[in-house]
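Me: I am new to this structure and would like a close look at a single part of it. Could you take me through one helix and what lies around that helix?

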Amino acid sequence: MTDQQAGFTLTEAMVVVIILGVLVAVGIPSYTRTVERNYRQQAEDVLRSIYAGERSYFFIQNAYDGPLDASSTMAAWRTIQMDNPNLGAVPVTFAVSATASTFTATATRARGSCSGRTLTIDQPRTLGGTWPADGAC
C-alpha cells in the first residue's frame with residue numbers, strides 16, 4: 001500500500017500565485033481608470049448644473065454671478081440655484097469666475113492619479129481643460 005498525501009505541490013501553489021499576480025496587475029490600473037472616469041463624469045455633471053444656474057441668473061439679472069469657490073457661502077452658491085458642490089464627497093474642487101457678459105466654471109481634481117487636472121465650461125457651453133475623458137492620466 002502506498003500513502004497518498006493530500007495537498008498541493010509547490011509547483012501548483014506557484015502557478016496559482018503567478019495567476020493571481022497577473023490578475024492584480026491587470027485589474028488595478030483598470031479599476032483606477034474607471035474611478036477617474038467616474039470622477040470626471042461627476043465633475044462634468046456639476047459643471048453643466050453650474051452652467052444652467054449661471055444662464056438662469058443671467059436671464060434675470062442680465063449679468064453672470066461670480067466669483068464662487070470652495071470658500072463661498074451656501075447663500076452665494078444658491079444665487080445660481082445650487083448648493084455648494086465643494087461640500088460633497090467627490091475629490092474635486094469647483095470655482096466660477098465671471099464678468100457681466102461671460103463666465104467660466106472650473107473643476108479641479110484634488111488628489112489621485114489625475115490630481116491637478118481641470119475641466120472647464122464657459123458661457124458658450126464649451127467644455128475644455130486637461131482632464132482626459134478616458135481616465136488615463
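Reply: Just after helix α1 ends, Asn 62 takes a positive phi of about 60°. This is a predicted model, so please read every value here as computed from that prediction. Asn 62 is not a glycine, and its phi is positive all the same. The residue sits in the loop between α1 and α2. Is Asn 62 buried or exposed? With a relative accessible area of 58%, it is exposed, because anything over 50% counts that way.

Stay in that loop a moment longer, as Pro 67 is also placed between α1 and α2. The peptide bond leading from Gly 66 to Pro 67 is cis, and its omega is near 0°.

Now step back into the helix itself. α1 runs over residues 10-61, which gives it 52 residues. From its first C-alpha to its last it reaches 75 Å, close to the 76 Å expected at 1.5 Å a residue.

Let us begin where the helix begins. Leu 10 lies in α1, and its relative accessibility is 66%, so it counts as exposed. Leu 10 also takes part in a nonpolar surface patch, together with Met 14, Ile 18, Val 22 and Val 26. The patch covers about 520 Å².

Further along, which residues of α1 are buried? They are Glu 36, Arg 40, Ala 43, Glu 44, Leu 47, Ile 50, Tyr 51, Gly 53 and Glu 54. Each of these has a relative accessible area under 20%, because that is what buried means here.

What covers the buried residues of α1? The cover includes the helix α2 (74-78) and the strands β1 (92-98), β2 (103-109), β3 (118-122) and β4 (127-129).

Two of those covering strands deserve a visit of their own. β1 and β2 pair in the antiparallel sense, over seven bridges. A hairpin of four residues links β1 to β2. If you would like a place to find this pairing in the view, look for Val 92, which stands opposite Arg 109 in β2.

The other two strands, β3 and β4, have a loop between them, and Arg 125 is found there. Like Asn 62, Arg 125 has a positive phi without being a glycine; for Arg 125 the value is about 70°. Its relative accessible area is 44%, so Arg 125 is partly exposed.

Key
Residues are numbered from 1 along each chain as its sequence is written. This is a predicted model: local features need pLDDT of at least 70, side-chain atom pairs count only at pLDDT 80 or more; totals for chains, interfaces and linings use all residues. Side-chain values use heavy atoms; hydrogens and water are left out. The expected span of a helix is 1.5 Å times one less than its number of residues. Buried means under 20% relative accessible area, exposed over 50%, partly exposed in between (1.4 Å probe, protein chains only). Contact means heavy atoms within 4.5 Å. Two strands pair if DSSP finds at least two bridges between them. Patches are made of residues with over 30% relative accessible area and no salt bridge: like charges are joined within 9 Å, nonpolar side chains (Val, Leu, Ile, Met, Phe, Trp, Tyr) within 5 Å. Accessible areas come from the Shrake-Rupley method with a 1.4 Å probe; for residues, only the protein chains shown count as cover. A salt bridge is a side-chain nitrogen of Lys or Arg within 4 Å of a carboxyl oxygen of Asp or Glu.
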